[in-house]
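Open the model in your viewer and colour it by secondary structure. Keep the sequence panel in reach. The stops below tell you what to select and what you will find there.

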Amino acid sequence: MAQSITMSDGTELRPSDLEDALLRALREPMLVCDDHPDAWGDHQVVVYNEAREYVVNTDVEHCTCPAMQYHYDAEEVCKHIVRAQLATGEREMPAWVNLEAVDDMLRRRLEVER
Ligand SMILES: [Zn+2]
């Protein structure tokens with residue numbers, strides 16, 4: 001899937017140019033819910049993505065999705081973790097991101113007015 005993201009100066013970036021998880025975390029519709037009954041403690045949130053829900057711990061960077069269980073090594077994090085960190089403010093929105101290309105739910109969450 002050739003998803004791309006447009007930088008504020010108009011340059012298009014593709015996943016090969018970037019961390020794939022970050023790009024997907026910015027673009028894909030995901031809802032981050034931090035008062036969900038399955039989310040315990042200050043660092044746990046529930047991320048809804050494609051009608052599935054995953055429990056993410058943003059502090060220890062753990063996620064219940066299959067990608068995190070089987071395919072990633074300790075160096076990598078999945079898109080759900082990145083998204084949860086962006087939504088909770090634990091990860092800063094990179095300065096190069098064109099906010100108009102960011103998923104609405106994340107933009108509203110961060111209360112970014114354009
Ligand atoms: Zn995940």
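Select Asn49 and Arg52. Asn49 stands opposite Arg52, which belongs to strand S5. This is a predicted model, so treat each stop as a prediction.

Now widen the selection to residues 44-49, strand S4, and residues 52-57, strand S5. The two run antiparallel, and six bridges join them. Another pair to pick out here is Val45 with its bridge partner in S5, Val56. Strands of a sheet pair through backbone hydrogen bonds, so show the backbone atoms at this point.

Next, go to the turn. S4 and S5 make a hairpin with two residues between them. Click on Glu50 in that turn: its phi is positive, about 50°.

**Along S5 to the next strand**

Follow S5 to Asn57. Which residue stands opposite Asn57 in S6? Select His62 and you have the partner. Strand S6 covers residues 62-63. Two bridges tie S6 to S5, and the two strands run antiparallel. Their hairpin has four residues between the strands. Stop at Glu61, where phi is positive again, near 55°.

**Back to S3**

Select residues 30-33, strand S3. S3 pairs with S4 through four bridges, in the antiparallel sense. Pick Leu31, then Tyr48 in S4: they are bridge partners.

Now show S3, S4, S5 and S6 together. They form an open sheet of four strands in the order S3-S4-S5-S6, with antiparallel pairing. Which strands stand at the edges? They are S3 and S6; each has a single partner strand, so one side of each is left without a neighbour in the sheet.

**The helix on the sheet**

Add helix H3, residues 79-88. H3 packs on the sheet and touches S3, S4, S5 and S6. Line up the view along S4: the direction of H3 makes about 120° with that of S4.

Is H3 mostly covered or mostly open? It is mostly covered, with nine of its ten residues buried. Select Lys79, His80, Ile81, Val82, Arg83, Ala84, Gln85, Leu86 and Ala87 to see the buried residues. The charged side chains of Lys79 and Arg83 are on that list too. The cover includes the four strands of the sheet, S3, S4, S5 and S6, along with helix H1 and helix H4 (104-109). Step just past the end of H3 to Gly89, which takes a positive phi of about 85°.

**Where two helices cross**

Keep H3 and add helix H1, residues 20-27. Their axes lie 8 Å apart, and the helices pack at an angle of about 60°. That angle makes H1 oblique to H3. The crossing is right-handed. To see the contact, select Ala21, Leu22, Arg24 and Ala25 on H1, then Lys79, Val82, Arg83 and Leu86 on H3. Colour these residues by type: five are nonpolar, none is polar and three are charged.

**A loop stop**

Go to Ala39, in the loop between S3 and S4. Why does Ala39 count as partly exposed? It has 19 C-beta neighbours inside 10 Å, and a buried residue needs 20 or more. Show its contacts beyond four places in sequence: Cys33, Asp34, Gln44, Val45, Val46 and Val55. Then draw a distance from Ala39 to Asn57. The two are 18 residues apart in sequence, and 8.6 Å apart from C-alpha to C-alpha.

**Zoom out**

Clear the selections and show the whole chain. Its secondary structure comes to four helices and six strands. Read along the sequence, the pattern is β-β-α-β-β-β-β-α-α-α. Colour by burial next: buried residues make up 24% of the 114 residues. Finally, draw the contacts with a separation of 6 or more. Of these, 41% join residues 24 or more positions apart.

How values were computed. Residues numbered from 1 in each chain as written. Predicted model: local features only at pLDDT ≥ 70, side-chain atom pairs only at ≥ 80, totals over all residues. Pairing = 2+ DSSP bridges. Axes fitted to C-alpha atoms, helices over the stretch in contact; angles between N-to-C directions. Parallel < 35°, antiparallel > 145°, perpendicular 65-115°, else oblique. Left-handed = near helix turned anticlockwise from the far one by under 90°. Contact = placed C-beta atoms within 7 Å. Buried ≥ 20, exposed ≤ 12 C-beta atoms within 10 Å, placed from the backbone.
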